[in-house]
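Biologist: I would like a close look at how the strands are arranged in this model. Please keep to one part first and then set it in its surroundings.

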Amino acid sequence: MNPRRLYMDNAATSFPKPRAVQEEMTRYATEIGASAGRGGYAEAMESAAILSDCRRQLRKLFNGERDEHFIFTLNCTDGLNIAIKGLIDPQIGGHAICSLIDHNSILRPINAMAERGWISQTRVQIDPKTGLVDPEDFRKAIRPDTKLIAITHASNVTGTIQPIREIGAIAREAGVPFIVDAAQSAGHIPIDLQADNIDLLAAPGHKALMGPLGTGFLYVRPGIEKILQPFREGGTGSISEEPRQPNFMPDRYESGSHNAIGLAGLAAGVKWILEQGIEKLAAHDLDLVHTFIDGISDVEGLKMYGPQGVKHRLGVFSVRIEGFDPQELSGVLEQSFGILTRSGIHCAPFAHESIGTASLGGTTRFSFGPFLSKQDVKFAADALAEIATKVEPQIHADERR
Ligand SMILES: Cc1ncc(COP(=O)(O)O)c(C=O)c1O
């Protein structure tokens with residue numbers, strides 16, 4: 001086993017986190033401890049202030065209209081469920097549009113409602129070479145009963161960045177709520193909630209926003225709360241005398257005690273991004289993308305999926321080496337080079353079907369983060385070159401025997 005550990009699975013969750021994230025979480029754990037909004041004493045007030053600060057940082061980063069329209073969720077999946085299911089009334093039904101590039105956290109909630117007979121669905125095609133959708137296909141798919149359009153902004157399989165602003169404009173013109181899954185893009189590249197025509201933005205706090213696992217948010221554009229039914233009801237620490245869920249933000253969607261320690265970390269993570277500057281972080285990611293593409297472009301027997309150049313992509317790469325099962329390739333990368341990757345179908349079955357890797361066990365995924373250097377990425381590209389030329393795949397060797 002190689003003693004070096006080079007973490008290249010930032011698409012699953014980011015690691016390491018900025019020091020300030022650890023410090024803020026430690027400060028919460030050792031000095032505050034109280035539940036936000038659940039008392040009038042100083043510690044509970046401070047805990048509530050941390051949450052308010054977190055919403056303020058998020059509003060700044062994403063150019064949202066109002067702090068209190070950022071509602072905290074368990075992760076990105078939770079936010080997408082609140083958004084997708086909250087727009088569908090089973091008594092009325094309707095139609096939902098998503099795409100073949102989407103993650104299961106969009107596909108499954110929509111599919112579950114379709115299987116129950118509540119809605120029908122359209123999955124927009126992607127270009128198998130680039131993973132890109134054509135915004136016009138969304139326009140064509142819209143029907144009078146379409147209740148939502150949802151799309152994964154940046155693919156966790158191919159790294160493809162979709163033209164959300166154009167799709168958002170089409171949705172806005174048709175009066176259809178537009179949901180964006182920013183799991184792989186939030187914190188990596190700029191997102192402007194207002195200019196990008198987004199009605200509901202779900203993101204994890206624990207990926208490129210640099211917070212800990214167990215955090216996430218859903219942005220609800222002002223006005224959308226009038227048509228978005230809450231997914232869960234319960235204690236909010238507000239108007240406790242009422243048996244009814246409050247209809248003001250953010251309490252309408254935030255029942256139960258908050259993950260205050262996690263949100264203290266998330267607030268510090270988002271502050272760190274604002275200090276670095278999202279443009280600078282995006283430029284660093286692009287540098288890594290350049291380095292990786294340069295490093296692997298001449299490797300014989302290696303195939304990379306998604307956009308072949310730097311355009312329309314970020315630092316999430318799916319690759320296969322001829323003869324290697326993706327899991328085996330991840331194993332060799334870890335054992336011999338200390339490089340940590342994720343192999344398989346990555347919770348995106350139709351993305352893999354579209355690029356032709358579903359029946360092959362998927363791909364091996366490298367995903368970069370702000371603490372990786374060009375040297376790290378060059379090391380990974382060199383490791384792939386060495387494996388492609390010098391390592392005999394054991395699974396196939398065994399089969400041949
Ligand atoms: C594109 C995409 N959407 C949604 C998710 C779900 O995120 P979470 O694990 O925070 O629920 C992921 C996670 O990998 C993802 O890559």
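Which residue in β4 does Ala 96 stand opposite?

Modeller: This is a predicted model. In it, the residue facing Ala 96 is Gln 121 in β4. Ala 96 belongs to strand β3, residues 94-99, and this strand pairs with β4 in the parallel sense over 6 bridges. The two strands are part of an open sheet of 7 strands, ordered β2-β8-β7-β6-β5-β3-β4, in which the pairing is mixed. β4, residues 119-124, is an edge strand of that sheet, as is β2 (70-73), and each of them pairs on one side only. With direction ignored, neighbouring strands here are turned by 20° against each other on average. Helix α3, residues 76-86, lies across β2, β5 (146-152), β6 (178-181), β7 (200-204) and β8 (216-220). Its direction is at about 160° to β7.

Another open sheet has 4 strands in the order β9-β10-β13-β12, with antiparallel pairing. Its edges are β9 (302-304) and β12 (342-344); each has a single partner strand, so one side of each lacks a neighbour in the sheet. From one strand to the next, the twist averages 30°. At the β12 edge, 3 bridges join β12 to β13, residues 363-367, and the two run antiparallel. Within this pair, Gly 344 is found opposite Thr 363 in β13. Helix α8, residues 278-296, packs on this sheet and touches β9, β10 (316-321) and β13. The direction of α8 makes about 10° with that of β10.

Terms used
Residues numbered from 1 in each chain as written. Predicted model: local features only at pLDDT ≥ 70, side-chain atom pairs only at ≥ 80, totals over all residues. Heavy atoms only, no water. Pairing = 2+ DSSP bridges. Axes fitted to C-alpha atoms, helices over the stretch in contact; angles between N-to-C directions. Contact = heavy atoms within 4.5 Å.
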